[in-house]
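Please read the following note with the coordinates open beside it. The points concern one helix and then the aromatic rings.

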Amino acid sequence: MGGEAAIRVNDIATQAGVTVPTLYRHFGSRDGLVEAAQTQRFRETQFVDSSIFAASLAKCKSKDDLRKAIRKELLTHFDEDRWELRQVRLNALGAGYARPELSASLALAQKQGAMGITEMLLPFQKMGWIRKDVDLLATVYWFMGQILGRVLIEMGDNPVSQKKWNEISLEGILAVIFGEMPKK
């Protein structure tokens, strides 16, 4: 508890079973250690998401299967129970605001995650199941922005229905990917 200010290098060294000089040799400084931890937290949320999505995509035998898999993935990301993962991502991005090294590390993690999802979707675009004219990488980044944007309606007493927000986001993303309005 207490956020980054409460982090004690001695405590981390003890828990890791290494010496403080070993931590400093590897991470350079306390800030280097915090930045590595923030980046790792950010990456872990992406890995879980992309591995589950990859398994779902591997089962697709038709365009309709693909539409269902993408719809399920989107709804999973928008689920109220996943607010903590969205908070982890947002927290890491906020921490990177005044730290150029952390910002660069998070940008690289985001890029690698987006490229991975793009590579997963590319075969479906080549088969014609996804619009040929859509920029998949830009679409994936937009989708990632939608996930983070959901935090705005989860803060405080918000008059926006989370269900309605989900429906609008889902409809927009599927329309971009498939070039048609989703079937309800």
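Where in H6 does a kink lie, and of about how many degrees?

1. The kink in H6 is at Met120, shortly before the proline Pro123, and amounts to about 30°, where the bend at a residue is the angle between axes fitted to the seven residues ending there and the seven starting there. This is a predicted model, in which local features need pLDDT of at least 70 and side-chain atom pairs count only at pLDDT 80 or more, while totals for chains, interfaces and linings use all residues. Residues are numbered from 1 along each chain as its sequence is written, and side-chain values use heavy atoms, with hydrogens and water left out.

2. The span of H6 agrees with expectation, because its 27 residues at 1.5 Å a residue should cover 39 Å and its end C-alpha atoms are 37 Å apart; the expected span is 1.5 Å times one less than the number of residues. Helices here are DSSP runs (H or I, at least four residues), numbered from the N terminus. Just after H6, Gly128 takes a positive phi of about 90°.

3. Gln110 belongs to helix H6, which runs over residues 100-126, and is buried at a relative accessible area of 17%, buried meaning under 20% relative accessible area with a 1.4 Å probe and protein chains only. Beyond its neighbours within four places in sequence, Gln110 is in contact (heavy atoms within 4.5 Å) with Phe42, Gln46, Tyr141 and Met144. The C-alpha atoms of Gln110 and Met120 are 15 Å apart, for a separation of 10 residues in sequence. The buried residues of H6 include Gln110, Met120, Leu121 and Phe124.

4. Rings of Phe, Tyr and Trp (its six-membered ring) pair if their centres lie within 6.5 Å, planes under 30 degrees apart counting as stacked, over 60 as edge-to-face and the rest as tilted; the count comes to 2 aromatic pairs. Phe78 and Trp165 are edge-to-face, at 4.9 Å centre to centre and 80° between the planes. This pair links distant parts of the chain, 87 residues apart, with Phe78 in helix H4 (residues 63-78) and Trp165 in helix H9 (residues 162-178). Phe78 is buried at 0% relative accessibility, and Trp165 is buried with a relative accessible area of 16%.

5. Phe124 and Trp129 are stacked, because their ring centres are 5.7 Å apart and their planes are at 25°. Phe124 counts as buried at 8% relative accessibility, as does Trp129 at 17%.

Conventions. Helix = DSSP H or I, 4+ residues; strand = E, 2+ residues; numbered from the N terminus. Buried < 20%, exposed > 50% of the residue type's maximum accessible area, 1.4 Å probe, protein only.
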